[in-house]
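Hi everyone, thanks for making time this morning. Let me put the structure on the screen, and then we can walk through it together.

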Amino acid sequence: MPLHALGPVLALVALIILGASLNSNFLSYGNVTNVLARSAFIGIIAVGMTFVITAGGIDLSVGSMAAFVAGVMILAMNAMIPVLGVGVPLIVAGMGVALLAGIAAGLINGLLIAKVGIEAFIVTLGSMGIYRSLTTWLADGGTLSLNFEARGFYRPVYYDGILGIAWPIIVFALVAILGELAMRKTPFGRHCAALGANEQVAKYSAVKVDRVRMATYVLLGMLVGLATIMYVPRLGSASGSTGVLWELEAIAAVIIGGTVLKGGFGRVWGTVVGVLILSLIDNILNLASIVSPYLNGAIQGVIVILAVVLQREGKSAD
Amino acid sequence: MPLHALGPVLALVALIILGASLNSNFLSYGNVTNVLARSAFIGIIAVGMTFVITAGGIDLSVGSMAAFVAGVMILAMNAMIPVLGVGVPLIVAGMGVALLAGIAAGLINGLLIAKVGIEAFIVTLGSMGIYRSLTTWLADGGTLSLNFEARGFYRPVYYDGILGIAWPIIVFALVAILGELAMRKTPFGRHCAALGANEQVAKYSAVKVDRVRMATYVLLGMLVGLATIMYVPRLGSASGSTGVLWELEAIAAVIIGGTVLKGGFGRVWGTVVGVLILSLIDNILNLASIVSPYLNGAIQGVIVILAVVLQREGKSAD
Amino acid sequence: QDTKVIGVAIPSATHGFMGGLNYHAQASIERLEATYPELDFVLATAGDAGKMVNDIEDMVATRNISALVVLPFESEPLTSPVQAVKEQGIWVTVVDRGLSVEGIEDLYVAGDNTGFGRVAGEYFAENLNEGDNIVVLRGIPTTLDNERVDAFTAAIDGSGINVLDMQHGNWNRDDAFNVMQDFLSKYDDIDAVWAADDDMAVGVLEAISQADRSDEMWVVGGAGMKEIIKRIMDGDPQLPVNVTYPPAQIATAIELTALGLVSDTPVAGRFIIGSQIITPENAEQFYFPDSPF
Amino acid sequence: MSAILEARGVTRSFGPIKVLHGVDFSLVPGEVHALIGENGAGKSTTMKILGGYLSPTDGELLLDGKPVRFADQKEAEEAGILMIHQEFNLAMQLTVEENLFLGREKRKGLFLDHKAMQDEARTLLERLDCHIDPRTRIRDLSVPNRQMVEIARAIGRNARVLIMDEPTAVLTGRETDVLLDQIERLKSQGAAILYTSHKLDEIARIADRVTVLRDGAHITTRAAEGFTEHAMAEAMVGRELSDLFPAKAKGADDVVLEVDGLTVPGKVRDASFTLRRGEVLGFAGLVGAGRTELMEGIVGLRPATGSVKVNGKAIKAGSVLAAREAGLVYLTEDRKEKGLLLGKSLTENLTLLALDRFGKLRIDKGAEDQALTKAISDFDIRVKDRDMVAGSLSGGNQQKLLLAKTMLAEPQIVIIDEPTRGIDIGTKQQIYDFIAALAAEGKSVIVVSSELPEVIGLASRVVVMGRGHIAGELSGEDITEDAILRRAMGVGELTGASA
Ligand SMILES: Nc1ncnc2c1ncn2[C@@H]1O[C@H](COP(=O)(O)OP(=O)(O)OP(=O)(O)O)[C@@H](O)[C@H]1O
Ligand SMILES: Nc1ncnc2c1ncn2[C@@H]1O[C@H](COP(=O)(O)OP(=O)(O)OP(=O)(O)O)[C@@H](O)[C@H]1O
Ligand SMILES: [Mg+2]
Ligand SMILES: [Mg+2]
């Protein structure tokens, strides 16, 4: 592997060293679990985003889609309690609703982009507004809350795990591994890259261009559903401000990880590193409390740029 | 001109008809002036964004850059009052500061992108965070306000005009006309399009690729400065929430106008139409009050998508 | 002597009121750190509920906080995480927005949102006649905004005042300016505006003065921004009154929490800082020229 | 033998413009059928119709005697029809292996079978005597190697009908030989091959039958036996052709370009040579000799060390613009990736290099329009519609446009890399005349070409490169194929000593 491909990893290692030197609890089990578990939402979404971007697309709607899916899931679960009672069936049904809602939302984006042929940026900018405002509307301007009892029952899905590893971490890891495999080892991954690199060539090579493109958005929608399944038990509620700016964070993670914004080349493991970098920056800022909180955004910005500078080191050489 | 190039114009006309039919004041002098004048900030910025995108770039930092430039301008003007007194020299000095700050900010983005070779998305995502948080920090979390007397003196720059046309409208129109000329009639415009279409070809055709790319960001920075000069006299203040999401609005206007997101083709007049469409949607929603305000975002989203559908009509034909 | 750490989690300074709140939080932390060397503070600001939960988790996991002062970004999502903090034996002070389950917090310090809407509504009901028209600018769609608006509506109920329109100005000057411009185009007769927030009031006033209709209507904002208080003090007819919703409540909360940690003073309980009406007569006592808000 | 694939009265229009007027011919198993014609005659269009990439506007295709309509290329491929495109059809960011198997990946269960694909890729490439790593990205390959990948992709799929659109345009003699051997092999296995090339000697070598197109119309189909190259050329062009190469100009004595110790890291070592006023200097070498890199280093397109002097004055390193201002321009061999903006209009392409001549502040559209008119007539660009995009021109006409673009900069010294790639014989002659005329006017020309006859026929002096350095120089009577090849392969000193 060329050295500069390791750029994001170097940035990650540097952050870990920095964190450990600032606070002795940084590498504690608790903190590591916290950081990994909370990375899971953006992480799961960012894995899907990697495919979309690799195939030459973009999706700005994921954050508000997550809010909308969470809202729908909560409403559905609350409505089903009289029928199913609070228990495993309710949770499973809720999960099913979330996945279906995610898939449906992704399908709509995909259809408009691949079949109707509208610029992905515009479609997803539009659907971003639509889902955000539908969520606010569903919540009547306030917050949609999961029934308190159901929430207590559902909570362990975020907070518990097996062998001391929290569920969100396990799910994120699985998604990342499957994503990496899909990108590198399956025809689908190749077709995404080919489509992003040169649509014409892909078409001439009998790649079903429209179908692949649509599949990337559906996959992303499904992963947004999955992320929501992990999100709802954490906060038990959804509102118009849920998932604000997730899209930017997910896209940033993808690009920091080395995927090319204009498509043609994607790297799922890089995305995972990118997500961890972004989470760690926040975590370290909380650990350090060295500066005015007003400047947190500036420090984040600088670190994000630096993480990518490391990676582009090799560029001038060729 | 091919019919579908007129798509955004059709959408604009449809909105105007809709507005006029919903409210008799819609076409009144006052309302038209309001809509045009408030479009000016985003409009001036979006003209610059058209060049950046045409040349294959992107700039996410413009909104927070505007806030930062406004903050710097206000602080500088307040500081200069003891020296210059309140009068034309103060205003001119303030304008100079705004333009210089904008140019400097654009230059930094441009250097990092063109010379250091970092992905534009990441650089400007980073600087977006940086400027936003510097502004909050400068304002100490609150609002930076221009000295009351100076503001009274400066106010007419937003509210007055000549021949009944407000200054922001005049400036916006000038910027748009110059931008359109620059895009279509000058070597710079050609070079931007060539660079965005195929960087290699541009390089082999003796185009100073780095310099052109940098120039697009500097131009955009300067226009952000100019937009700020029009913005500050309006409310006389700036805070961390000034210009939030302007970047998205500017980019959306550019794309709605028919410029290609991946670069290679840009249309300044289209951008102007795009900006007007976006402003009108807000205006009409306020004038109509037919729906729950919670759903405004959804309606906006739908209209934005529709505006672009009109434009892409011709696509399936080829 | 052990140093004790107090964690403070508040929303970031995205609009004027929160800016003031941030200012008061930082100022009181500086003051207390100087007064009590045995106290350390962690201040985290969040742009959404998820980030606020992250911040609280980080404080617990890595900074061993003994007390948490939190102004929940939203009530519902913060309830279980704060409950989990409480279960670890950490002192919890909740500010402004209550949690959705009663009895979690040790100390509750809050402004009065219902009162905020009601006091304003009562002023409108008393000072307008039947058939008078008003427009309302709402904040960012949240539960809190709903509470205020509901209380306002209830207070003017039966007074015969017409609410012509309500739109979201998102507690933002520019948005409020645009919305007010459009209200002015749309309605020929407006007698008063409830801007519900002083940042929005600034935008509203500009729009009115641009339309040259300053004599036609008055404006009531809220939360006591210093520029607005100044104008009330000066007897501006356009700004007859204001309603308090003090950003300094966070300072009260932090100070009480600190006091509880370093001494035996009993500080638990509920402190509701009622919303008062600011009139030209009493404005002086609400004027803090050094605050950024 | 009965035909596998047959075209009957096939026509095709693009918008209002008709480019094929009723073409009919047939392909039978075990034959090589050559399609020849001038640039823009409609060869590629015909081939794309047969390959399922375009649909005919009118007329019909018969597969095994039955009428077919291919909905898309995939259907044609399923019927055993494969095509090698004139313009590369490769995804630049993907690797060789990924491109070779795109759309028909081999799998093991759910996953890709990387090993099988890499092995097969290697085998295929080796069969073509092309030694590149299947894991290389296409964009890191030289143009000829890209073409070999393109060929490997097609021959790896056991086609019944193989359509080859100018596969040798970018190849040197050696690779051409390898390819022609492969064609023989496929033919003996019963495949039908439709082949086009502007190198008529190849046609004479391998074709069994020849179909001539002119201006989209079918002129004749006849056996290749007894169809001489000269007769083919005249049938294509429709007029008498004189000698291909003009008289050589000797050049003056003053040196206009002096390259000294130029090194392009990793590609070219320590190259030095001079160019005189009014001279045509040839550069010969095998694929990968580094000629392109050397030239790109000279004009500032690649980081290089060493000195480049134009008229005795050193030019600023690394600046294409400085080189151009000094009167030195380079015409790339990679017209699709580096030469033309395929999605842009003819005018925008034509004037891009010399844009400052059309106004520093405001582009003079009228002057641009005149320039286009002049370029179209000077370079005989077959343009059906002046508003078309460059990518819609036929391959040869794109090359002419590129040439016109370069010449518009009015260079004193022009370096032309593969000047006549894909250009028909009639136009070739015009270009050769043009090069000679340039030299006669006192301009200097460097011709980098993989076609030895071209170098020999044009240049009064030839620099031979091998493996990244200058391996020798020949002039006058010494310029022979044999002498060039010996030096290129590093055995040049033997003959050099005996001469
Ligand atoms: N997409 C298109 N739109 C418009 N015209 C086209 C298009 N494709 C090809 N043409 C025109 O059709 C004609 C035939 O082109 P074609 O590529 O078949 O020529 P060719 O015989 O292959 O020439 P060459 O030897 O230069 O490759 C040309 O005039 C070309 O400009
Ligand atoms: N963009 C590139 N990146 C990496 N290697 C390259 C690139 N272009 C060419 N090469 C390699 O450089 C060497 C020389 O390239 P090239 O084949 O173009 O030489 P050349 O002498 O110009 O040959 P020709 O002109 O016949 O193509 C080859 O080994 C080739 O694979
Ligand atoms: Mg052709
Ligand atoms: Mg070469």
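Chain C averages a pLDDT of 86, where pLDDT is the predictor's confidence in each residue, from 0 to 100. In chain C, 99% of the residues score at least 70. Its confidence is lowest in strand β11 (residues 269-273), at a mean of 84, and highest in strand β8 (residues 192-194), at 93. When I say helix or strand, I mean DSSP runs numbered from the N terminus: helices are H or I with at least four residues, and strands are E with at least two.

Two housekeeping sentences before we go on. This is a predicted model, so local features need pLDDT of at least 70 and side-chain atom pairs count only at pLDDT 80 or more, while totals for chains, interfaces and linings use all residues. Residues are numbered from 1 along each chain as its sequence is written, chains are lettered from A and ligands numbered from 1 in the order in which they are written, and side-chain values use heavy atoms, with hydrogens and water left out.

For the model as a whole, the scores are ipTM 0.88 and pTM 0.90. Chain A has a mean pLDDT of 88, with 95% of its residues at 70 or more. Within chain A, helix α14 (residues 296-312) has the lowest confidence, at a mean of 81, and helix α4 (residues 88-115) the highest, at 95. Please be careful with residues 314-318 of chain A: the pLDDT there is below 50, and beyond near neighbours in sequence the stretch has 2 contacts in the model. A contact here means heavy atoms within 4.5 Å.

Now, how do the chains meet? Among the 5 pairs of chains that touch, A and B share the most contacts. Chains C and D, on the other hand, have no contact, and their closest C-alpha atoms lie 37 Å apart.

Let's move to chain D. Its mean pLDDT is 87, and 98% of its residues reach 70 or more. Residues 494-499 of chain D fall below 50, and that stretch has 4 contacts in the model beyond near neighbours in sequence.

The domain assignment splits chain D into domain 1 (5-237) and domain 2 (255-488); such bounds come from an automatic or database domain assignment. Taken over C-alpha atoms, the domain centres are 28 Å apart. Domain 1 puts 29 residues into the contact, and domain 2 puts in 25.

So where does ligand 1 lie? Both domains of chain D give residues to the shell around ligand 1, so it lies between them. The shell holds 21 residues, the closest being K43(D), S44(D), T45(D), S394(D) and G396(D); a residue counts if one of its heavy atoms lies within 4 Å.

For polar contacts, think of a pair of N or O atoms within 3.5 Å; within protein, one must be able to donate a hydrogen and the other to accept it, and residues adjacent in sequence count only if both atoms are side-chain atoms. A polar side-chain atom of S394(D) sits 2.7 Å from an oxygen atom of ligand 1. N39(D) also uses a polar side-chain atom, at 2.9 Å from a ligand 1 oxygen, while G42(D) offers a polar backbone atom at 2.9 Å. On its own ligand 1 exposes 640 Å², and the protein buries 88% of that, with areas from the Shrake-Rupley method and a 1.4 Å probe.

Ligand 2 comes last. It has 15 residues around it, the closest being K267(D), G290(D), R291(D), T292(D) and E293(D). Helix α9 (residues 291-298) of chain D gives the most to this shell, with 3 residues. Each of the two domains of chain D supplies at least three residues.

The backbone is involved here: a backbone N or O atom of A289(D) lies 3.1 Å from an oxygen atom of ligand 2, and one of D140(D) lies 3.3 Å from a ligand 2 nitrogen. The protein covers 79% of the 610 Å² of accessible area that ligand 2 has on its own.
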